[in-house]
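Me: I would like to go through the charged side chains of this protein with you, one question at a time.

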Amino acid sequence: MEADVQNDQDKLEDVVVSGNLMDSRTSQLDDVLNEKLEQAFHKPTSQFMLHDIAKIASEHDPIDLAYAVTRLPPSARVVVYDNLPDLNAKIIFMINTGSTTRTAIFSQINDMEIKRLLERMPPDEATWLLDDMSNRRMKRVLDLLDPKKAVRIRELYKHDRNSAGRLMTNEFFSFNMHATIGEVAAVIRDNPGIDLTRRIFVLTDEEELVGFVPARNLIVNPPYVPIRQVMRPVLHQIGVDASRDEAVDLVERYKIPALPVVDEQDRLVGVITYESVVEALEDIADETIASIAGTAEDFSEHEPIFKRFLWRAPWLIVTLCAGLVTATALSYFKDRDWFTFVALFVPLIAGMSGNVGIQCSTILVRGMSTGELSHGSRRDAVFGELSIGVLIGIVFGLLCGIFVYLLNRYDVHYAGSSPLVLGAIVSCGLLGACLMATLLGTLSPFFFARFRIDPAVASGPIVTAFNDVLSTLMYIFIAKIISSFFLV
């Protein structure tokens, strides 16, 4: 066993640190683990296979195994789970693995096995596992649990998936303001199953949140001191029905290690820890990138090719329709004399305007997601992006127009028209297309945000397709006007 572990370490140490994201230590570990698991599943007999898998499961961290199994078929993931060394390893594995893996495992284990898993998990972690089983089975499993544990899980599960109530844990330490440090310490010692956050919360006689005590103060002060003498005021708290994004923004901005969650009566009902926010940030980043890319696909889960195609296809249908609309518009002018040379520059106009629009929308979406862009600063942001779009259109329009003029003036790329007119058409057309793309890229994030749709959609294929159509039509419109004045 020691030789195998050393061999894995040697493989990891052979990686050259080059700054490449694909050369990270964790990605290399995933590759090594995946290779070992695939070799184990290709053993000639089930006896040898199970022996090797059990050996791998005992040698490696359950968290690493939870990531590595996503490359295996669902049936193989269940085998890895069954061969984990103990219940604690299975709990860690289930918390850190993906939804597809959990669903596959739940389909193969009985209700009592799930009960044992949930009993040892914090309620907030257990809640996420319930999302991967049917409502009927969830009710059966909750009925098997200890009533107090089941009530805590149900209380969390009733909240919206993207709310502060779902992000919080309802297992925390809170005490009446008249309690002493010694009494607080005794309660904490008697409840080792509840994670100790860096803040102990203080309540009034009416159960209202009034302050908190840093965990360090429980050590440096005498046990007879009342906690009200060492408590600090709570400057930031959040409602249980507030959005997940609002909770993440508060914790990230003020670096709050434990954000209190209160109900309508200002009573403490839960705590959002920094670790929960880090996990939520990963989910938000995944969803944002997926919206920008135009797919509901989860890259961490290795699904069949056809299923991944179905995830991408609906978004691309809009792009296909937009392309057909553009082609139809272009065919309408095909018999016009001036269009023979104007059509040559449609790819240039579409490509340039598309990039300008994506830059505008991406910058604004980034500002929204990080909280740097507020409602009050919206007008300045829009004006700034429009100004940049005008400047880009003027500068690149002039450069492109001059370049086209010179190419045709010296017969390097003669398009059968006056070089000056052709240069003016391309220059003004690019300016108009860039202005149209800037306008669409700037306003679309605010439009989607107004209707509570992820603004990241503004950088996806749907808006990009509309941008291509409108920018091309703007270019053709400008070209028609200029050509009607200067061409016979």
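Me: How many salt bridges does the structure hold?
Reply: This is a predicted model, and the count rests on a side-chain nitrogen of Lys or Arg lying within 4 Å of a carboxyl oxygen of Asp or Glu. The number of salt bridges in the structure is 14.

Me: Which residues are linked with Glu113 in a network of salt bridges?
Reply: Glu113 and Lys90 meet through their side chains at 3.7 Å, N to O; because Glu113 lies in helix α8 and Lys90 in helix α6, the pair ties together parts that are 23 residues apart in sequence. Glu113 also forms a salt bridge with Arg116, with the closest N and O atoms 2.9 Å apart, and these two residues both lie in helix α8, about one turn of the helix from each other. The residues linked with Glu113 in the network are therefore Lys90 and Arg116.

Me: Is Arg166, which forms a salt bridge with Asp131, buried or exposed?
Reply: The closest N and O atoms of Asp131 and Arg166 are 3.0 Å apart, and the pair links a loop between α9 and α10 with helix α12, 35 residues away. Asp131 counts as partly exposed at 28% relative accessibility. Buried means under 20% relative accessible area, so Arg166, with a relative accessible area of 5%, is buried.

Me: Which helix holds Glu275 of the negative surface patch?
Reply: The patch is formed by Asp195, Glu275, Glu279, Glu282, Asp283 and Asp286. Glu275 counts as exposed because its relative accessibility is 56%. The helix in which Glu275 is found, spanning residues 274-293, is α16.

How values were computed. Residues are numbered from 1 along each chain as its sequence is written. This is a predicted model: local features need pLDDT of at least 70, side-chain atom pairs count only at pLDDT 80 or more; totals for chains, interfaces and linings use all residues. Side-chain values use heavy atoms; hydrogens and water are left out. Patches are made of residues with over 30% relative accessible area and no salt bridge: like charges are joined within 9 Å, nonpolar side chains (Val, Leu, Ile, Met, Phe, Trp, Tyr) within 5 Å. Accessible areas come from the Shrake-Rupley method with a 1.4 Å probe; for residues, only the protein chains shown count as cover. Lys and Arg count as positive and Asp and Glu as negative; His and the chain ends are not counted. The place of a charge is taken as NZ of Lys, CZ of Arg, CG of Asp or CD of Glu. Helices (H or I, at least four residues) and strands (E, at least two) are DSSP runs, numbered from the N terminus. Buried means under 20% relative accessible area, exposed over 50%, partly exposed in between (1.4 Å probe, protein chains only).
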